[in-house]
Amino acid sequence: MNALNLLDTAPLWAELRGDALHVFNGKDGAELPLTLDADGRPDATTRASVVAALGRLAPRRPWQARGVLWCAVPARGVVLRRVRVPTTGREALRSVLRLQVEAAFPLPPDELAWGWFEDGEPVIAGVRELTIAAVRKEPPEQWSEVFASAGLQTVFTLASVARTVPQQRGRETFAALDLSARTAELATFQGGVPGSVRSLPWTLDQLADAAARELGWPRTGFDQACLSPRDSLADPARRTALADAWATAATPLAEAVLAARPGNSIFVTGTGPWLPLLVQALETKLAPLLVVTNTATTVVLGRTDAVAGLQGLARQPGAGLPLRLEPPNTAAVTGQGGLPGVPWKWVARAAALLLAVLLFPYLEAFVGGPVITRRLAALKQDRARLGEIDRRLDFLGHLAAHQAPYLDAAFVIANAAPPGTKLDSLTLNRRGEVSLGGYAQPPPLAIEFRTKLIDSKFFSSVVVEELTPVQNNQRVNFRMTAQWKGPAEREALQLGPVLPEPPKTNAPAGGTNAPAKVSATNAPVAGTNNPAANPARPN
Amino acid sequence: MKNLTPSEQRTLRLGGLGLAIYLTLFFGLKLVGGLGAVRADYAKLVRSAHTLRQEIEPYRTRADKLQRLMERFEFDPGKLATNTVVGQASSALQRAATGGGLQLGPVRESLARTTEKELGTIQFDATGPAAAVMGFVARLGTLGVPVVVDSVQINADPRGPGMLKLHLTVIVLDFDQWKPREATRV
């Protein structure tokens, strides 16, 4: 018992055998008589009794998952086919085998409950030979519904296979004969895989009838003699006669067994008081074939040989069910025959995810630590160069701040000079002091020149230091000084020629390379129409 | 070897189980502690990297600005050699003047004034057409040397109409006077 058992409903093992359902839960069991209606379905009474018995044998708590009922079905109606298929994965294999079922069986796969034996060996490279078993889907589906109403999922397998699980260890070639009062089945195995499986017409009851008729005894006395021959039959001759009668009655059965090519041994299972005498008769008839029978003396209710085989599979770690008969449109039940129900794949994934979530911060530290350290070292190295960036930036900033606007000043002066004015000298320095000298003819132009310089708003002050009339007042020599404004005020001025708008399409514009349009008001005097001079306007 | 009784086997099993639990807890706790320390160191490392990154981040803008200024003035201050920069400046000025169609006059170089961050001063005269004079003045900022134009004097040249005489005084800056400084803390 572990914690996971608390989440699972205990499994059940069952066998549908003749007119009874044998169920066993590992400790307790039941043998439930079955009554079928005209369509072969279990009637309401049977359903109710089965559901009640299953609820008693496998009680389910509200928190528990649905349990699994491993059910062995009789050989009646089961057909086996050997097919060759390419070696593929399990999912692809089912699709491939479905095509084989369609070709090899008289009914389509949707009308069948079918499965295959996994232990097919490759016959040639890339090709496996598998045995497919199929039965009409109605009986498994009907019983699956009944078991589902008891809260159980059902996995069907073949009873002949389940009851021979203990014999398959050596993978020898053998036969399995199962007899009960109402049923008889014979299966042959080759390499652990059934080669044939069939229902026989000789049940134990019929064989006992035949033996009693052979002796001429009434059936009641015959049965009493068979239960304990040594106590009931003191006369050895009568005991011999009884054995002979059984041998005679078992003759057709033995012939049927031999016709099936049983191999080296035959495994006889079954229930009923006549079984030991029949086995004894078969040993005589089938010699030198080795007849093996179940030596268990205690009979546990519900624990048939098939149920015991299924239970044995559950106890073997890693042992898988050799055959699963799956009706169409039913969800596959996971598990290997023991304690299914726990979706181990998802449990493992969830555990891995949880572990990853818990370990991620630590893994991040292990993986990211060296990376961060390297990047940190690089950043520290970069930091050492930051001072150099500041130094160069300061130097170039100083250089930019001390670039005087000589061209702007020349442009403004040239624009302000009225026609008739001539400049002889122009001196500018980086402190913004401007000195200019020349003459104007007629004299009022000098005053107009000064007014225009002031109106340009480029200069904060314009002073006429000297104004000397010459040539009978025909012209006047002048000398002026000015001081240009600070950078912020100069920036607000619209100086220089107006450049044309850039073209809005990619098409080459005819006028884009044309010389810049010069202000038409006054022609520049000092060469400000030079293309090289105009755009440059230092701070 | 003596065969153990079931009771002894059970005692041994329980003892082994207890020892295993103790060792698991002992080493498990040590492992968890070690992993926690590694994680704490990593968090500290990340924090310091983040802080350093915040310090460096403003320098992207400064570096961009520096790049633009270097492209504008067409030189990198870090590649200037103090002992040759005056000569380079003089050569560049003369090359620009003659390349622009000016006729060179006398060139005079003088020592730096120690109070200023200057290497020296260059004065030179040139004559030429007005357009060539103005073009030359416009090109002074892109000579590839750290010069500041101190003064410009333009006079009419009596040799002909449209001809000008130019007297120029430029100052060559000394990059070494700009001291390296620590990176600004943000």
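In this predicted model, helix 5 (residues 204–215) and helix 8 (residues 236–249) of chain A have axes that come within 8 Å and cross at roughly 130°. That makes helix 5 of chain A oblique to helix 8 of chain A. Angles under 35 degrees count as roughly parallel, over 145 as roughly antiparallel, 65 to 115 as roughly perpendicular, and the rest as oblique. The crossing of helix 5 and helix 8 of chain A is right-handed. A crossing is right-handed if the near helix is turned clockwise from the far one, and left-handed if it is turned anticlockwise by less than a right angle. Axes are lines fitted to C-alpha atoms, for helices over the stretch in contact, and angles run from 0 to 180 degrees between N-to-C directions.

On helix 5 of chain A, the contact is made by A:Leu207, A:Ala210, A:Ala211, A:Glu214 and A:Leu215. Helix 8 of chain A contributes A:Ala241, A:Leu242, A:Ala245, A:Trp246, A:Thr248 and A:Ala249. Nine residues of this contact are nonpolar, one is polar and one is charged. Contact requires C-beta atoms, placed from the backbone, within 7 Å. Ala, Val, Leu, Ile, Met, Phe, Trp, Tyr, Cys and Pro count as nonpolar, Asp, Glu, Lys and Arg as charged, and the others, Gly among them, as polar.

**Conventions and chain A overall**

Residues are numbered from 1 along each chain as its sequence is written, while chains are lettered from A and ligands numbered from 1 in the order in which they are written. As the model is predicted, local features need pLDDT of at least 70 and side-chain atom pairs count only at pLDDT 80 or more, while totals for chains, interfaces and linings use all residues.

Chain A has 15 helices and 18 strands. Helices (H or I, at least four residues) and strands (E, at least two) are DSSP runs, numbered from the N terminus. Of its 539 residues, 35% count as buried. A residue is buried if 20 or more other C-beta atoms lie within 10 Å of its own, exposed if 12 or fewer, and partly exposed in between; the C-beta atoms are placed from the backbone. Among contacts in chain A between residues at least 6 apart in sequence, 67% join residues at least 24 apart.

**The sheet with strand 1**

Five strands of chain A form an open sheet in the order 3-2-1-4-9, with mixed pairing. Strand 3 (29–33) and strand 9 (152–158) of chain A each have a single partner strand, so one side of each is left without a neighbour in the sheet. Neighbouring strands are turned by 20° against each other on average, direction ignored. Two strands pair if DSSP finds at least two bridges between them.

Strand 1 (residues 12–17) of chain A runs parallel to strand 4 (residues 67–73) of chain A, joined by four bridges. There, A:Leu12 stands opposite A:Leu69. Strand 1 of chain A also runs antiparallel to strand 2 of chain A, over five bridges. A:Arg17 has A:Ala20 as its bridge partner in strand 2 of chain A. These two strands form a hairpin with two residues between them, and A:Gly18 in the turn has a positive phi of about 60°.

Six of the six residues of strand 1 of chain A are buried, so the strand is largely enclosed by the rest of the structure. A:Leu12, A:Ala14 and A:Leu16 point one way, and A:Trp13, A:Glu15 and A:Arg17 the other.

**The sheet with strand 12**

Another open sheet of five strands in chain A has the order 12-11-10-13-14, again with mixed pairing. Its edge strands are strand 12 (193–199) and strand 14 (290–293) of chain A. Strand 11 (residues 184–190) and strand 12 of chain A run antiparallel, joined by six bridges. A:Glu185 stands opposite A:Ser199 in strand 12 of chain A.

Helices that lie on the two sheets are tabulated here.

| Helix of chain A | Strands of chain A touched or crossed | Angle to one strand of chain A |
|---|---|---|
| Helix 10 (residues 275–286) | 10, 13, 14 | about 165° to strand 14 |
| Helix 1 (residues 44–57) | 1, 2, 3, 9 | about 180° to strand 3 |
| Helix 11 (residues 305–315) | 1, 2, 4 | about 150° to strand 1 |

**Contact with chain B**

The contact takes 48 residues from chain B and 48 residues from chain A. Helix 1 (6–56) of chain B gives the largest share of the chain B side, 12 residues. The chain B side has 32 nonpolar, seven polar and nine charged residues. Strand 15 (residues 421–429) of chain A pairs with strand 3 of chain B in the antiparallel sense over five bridges. In that pairing, A:Ser425 stands opposite B:Asn155.
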